[in-house]
Amino acid sequence: MYRYDEHDHALVQDRVKQFRRQVERRIAGEISEEQFRPLRLMNGLYLQLHAYMLRVAIPYGTLDSRQMRKLAYIARRYDKGYGHFTTRQNIQYNWPKLEETPDILAELAEVEMHAIQTSGNCIRNVTSDQYAGAAKGEIEDPRIWCEIARQWSTLHPEFSFLPRKFKIAITGCENDRAAVKVHDIGMIMKRDDAGEVGFEVIVGGGLGRTPFVGKTIREFLPKEDFLSYLEAVLRVYNQLGRRDNKYKARIKVTLHETGKEEFTRLVEEEWNAIKDSTLKLPKEEVDRIAAHFEPPAFKAFEDAAPACDARAAADPEFAAWLRHNVNEHKASGYAIANISVKPVGEPPGDVTSEQMDAMADMADEFSFSELRVTHVQNVVLPHVEKDQLPALFDKLTEAGLATANVGLLSDIICCPGLDYCALANARSIPIAQELTKKYTLEKQQEVGDLQIKISGCINACGHHHVGHIGILGVDRKGEEHYQVQLGGSASEEAALGKIIGRGFTGEEVVDVVDKILDTYLELRQEDESFIECFRRLGQDPFKERVYGTA
Amino acid sequence: MALLENRDDGATEIEDRFTLVGDEDALPESGGVIVSLSRFEAEKGALIAREGDLGVWLDSDESPSTIEGDLGSLAVVACNFPAFSDGRGFSYARLLRERYGFKGEVRAIGEVMLEQVPFMIRSGFNTFALRDMKSLEEVKAVCDEVRVVYQPTGDGQATALQRRLGR
């Protein structure tokens, strides 16, 4: 993985000093909260319902055991012993003290981490496929390009005061695990007819109160033009994006109002003016960064894994974990192990210091010290020898991290909701907890692949638009209320769910999900997943069951 | 209000040799003036013929492309920031310098936040009308806070990449 050189180090350390001075000025009363606000936001520090919240970037979701231990230490030393992994490959601390936040940033800088641009109307943490560098069928490791984008976007002088926040996701696989089509810019690595590797560029996707699936504005972008094209899109957006209404300020609205054709024309025109500038990437720099992402020294294995197979045959729990939490790896004899940090009844995404330390130890022992965090708020050990999986499973069990529910009903995406967030209309965590308590793991496994996503308000941090079942908390005359929508997806077949009808109370919504699942189980054909079944049948049978009418 | 100029040895307070003339106001007999884009468009001939240097100020929804052909007659282009969060002026400054090759003064006016000055310099501004400046030392300190830059812009500062490649 990428290691900072002297320049990267110097920038992050300067940034810590700068923020320390800003915090000192605030505490001394030299600047008002109003003046401090834009400064703290540029370092990921929010003022929440009860306290400050610090959002730390985990660039493209990759971290090593040393960094994970630092995150654990920060949670223990500066917070209440836990952190919260977000849907954008960040970690949030919910209880830091303002005067200690510069110290936290200094601790992070020691392990090449930061909170730069994790909030504010700027280019945010660039996200990627959590299986990057390990996935079968990957064209190229997308993290090389994420890192190039990270550096280019860091303290960008022109794009730090955009109309609105700006999120970029890049994947190197056809199977989209990074939800690239619901980002401001999504890039998919592909080959052109000549076999050259480049990017499909998708613009204007997004969730929030006006959800859109992004549109392809360039079928193929050569690698060397990666930065000039990004700069062209951002420059057009910075000038054209609406400043009069923050709810219409995202690039998805700009694209929609300008029209794809005209928007594309403007981008191409701008790009033609700058593509041969100093933004053109020299091959030696791409090679330098790519060298950091060389695969670890995999041993040469036959694909057979006798120890793993024997354990699976004898131990149904291990077999279930293998089936649901373990994915195919590009190197034979290796596997990708997902760690569910969503045990039954706990808030999705919350991880204790002890769990973080345990996962760091396991990364050292089983996965070349490497970990990933996912946009579905789980953790991944990307490179595990198959025959080591039983030993890993035992350690996970010991640490309470062996829940075999990845991709299942209880693998819920859920925002912090009204329990923490100043914007929320309703609580989302308790709904997730009720749902996960209601279904046994056996029942969830019977239901199979199912993505439930819950947001506590229309800002959609819980991605409810792209949940197979999406639940949205709303305020109805001062009461918490929940709308249910069906049919969304964040995959390569991205789709937005549709609301099925009038909303429900918190108690009712759990039963509604139950009725929806019963309908599916009755109507599914053979191996049909929930989303496939929904696509075949449409809303009607589900609505009929829920409301008693079609 | 202080007018600052970015020089090789840092920010310096300078005297403003331009008068910002409102759309209804009479032009002064002599000396530099800055007028709005609409007044410039309405009275272009007379303004260019007039004694004294001429400048135009652009509001944040007025692209510099509208005056591209007139830049040779202008000594200063000012970009207004109606709110610190309205960052269109950063793109305008880069276009003026890097696309249109404008060599005159590019001035930031309006709600200019001290912490934005380093970004403004990188984008091509060379003067700043700072509303509440405490001291020049503070401005200089803010400008020197972050020593590394990643993005190539027209300011010619060596980027991290250029340093890596020894260029």
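**Close-up views of a predicted two-chain model**

**View 1. Chain A as a whole.** Buried residues account for 55% of the 550 residues in chain A. As with every view here, this one shows a predicted model. Chain A carries 18 helices and 20 strands, and along the principal axes its C-alpha atoms fill a box of roughly 60 × 60 × 55 Å. A compact globule with 550 residues would have a radius of gyration near 24 Å, and the 23 Å of chain A agrees with this. Of the contacts in chain A with a separation of 6 or more, 67% link residues 24 or more positions apart.

**View 2. The domains of chain A, with a look at where domains 3 and 4 touch.** Along chain A you will find domain 1 (6-110), domain 2 (134-290), domain 3 (306-398) and domain 4 (413-547). Between the C-alpha centres of domain 3 and domain 4 of chain A there are 27 Å. Seven residues from domain 3 and eight residues from domain 4 of chain A take part in the contact. On the domain 3 side that touches domain 4 of chain A, five residues are nonpolar, two are polar and none is charged.

**View 3. The largest nonpolar core.** This core holds 134 residues, and the members that touch the most others are A:V201, A:F226, A:V233, A:I471, B:V56 and B:V77. Helix α6 (residues 226-240) of chain A is the element that gives the most to this core, with nine residues. Domain 2 (134-290) and domain 4 (413-547) of chain A both contribute residues, so the core lies between them. Zoom in on A:F226 and, setting aside neighbours within four places in sequence, you will see this residue in contact with A:W145, A:I148, A:F199, A:L221 and A:L281. Another core, of 69 residues, lies apart from the largest one; A:A312, A:L381, A:F393 and A:L401 are among its members.

**View 4. An open sheet in chain A.** Here five strands of chain A come together in the order β6-β7-β8-β9-β10, forming an open sheet with mixed pairing. At the edges are β6 (127-128) and β10 (215-222) of chain A, each of which pairs on one side only. Look first at β6(A), which is joined to strand β7 (residues 168-171) of chain A by two bridges in the parallel sense. Within this pair, A:S128 has A:I170 in β7(A) as its bridge partner.

**View 5. Chain B as a whole.** Chain B is built with six helices and eight strands, and reading along its sequence gives the pattern β-β-β-β-α-α-β-β-α-β-α-β-α-α. The C-alpha trace of chain B spans about 50 × 35 × 25 Å along its principal axes. For 167 residues, a compact globule would have a radius of gyration near 15 Å, and the 16 Å of chain B agrees. Buried residues make up 37% of the 167 residues in chain B. Among contacts in chain B with a separation of 6 or more, 46% come from residues 24 or more positions apart.

**View 6. Strand β6 of chain B and the strands beside it.** Six of the six residues in strand β6 (residues 76-81) of chain B are buried, so to speak of it as mostly covered is fair. B:V76, B:A78 and B:N80 point one way from β6(B), while B:V77, B:C79 and B:F81 point the other way. Strand β5 (residues 54-58) of chain B runs parallel to β6(B), and four bridges join the two; here B:L58 stands opposite B:C79. Strand β7 (residues 105-110) of chain B also runs parallel to β6(B), joined to it by six bridges. In β7(B), B:V106 is the bridge partner of B:V77. You may recognise B:V77 from the view of the largest nonpolar core, where this residue is one of those that touch the most other members.

**View 7. Where chain B meets chain A.** In this view, 27 residues of chain B are in contact with 30 residues of chain A. On the side of chain B that touches chain A, α3 (88-99), α4 (117-123) and α6 (160-164) of chain B each supply at least two residues. Of the elements on this side, α3(B) gives the most, with five residues. Sorted by class, the side of chain B that touches chain A has 10 nonpolar, seven polar and 10 charged residues.

How values were computed: Residues numbered from 1 in each chain as written. Chains lettered and ligands numbered in written order. Predicted model: local features only at pLDDT ≥ 70, side-chain atom pairs only at ≥ 80, totals over all residues. Core = buried A, V, L, I, M, F, W, Y, C linked by C-beta atoms within 7 Å. Buried ≥ 20, exposed ≤ 12 C-beta atoms within 10 Å, placed from the backbone. Domains from an automatic or database assignment. Contact = placed C-beta atoms within 7 Å. Rg over C-alpha atoms; globule rule 2.2 N^0.38 Å. Nonpolar A, V, L, I, M, F, W, Y, C, P; charged D, E, K, R; others polar. Pairing = 2+ DSSP bridges.
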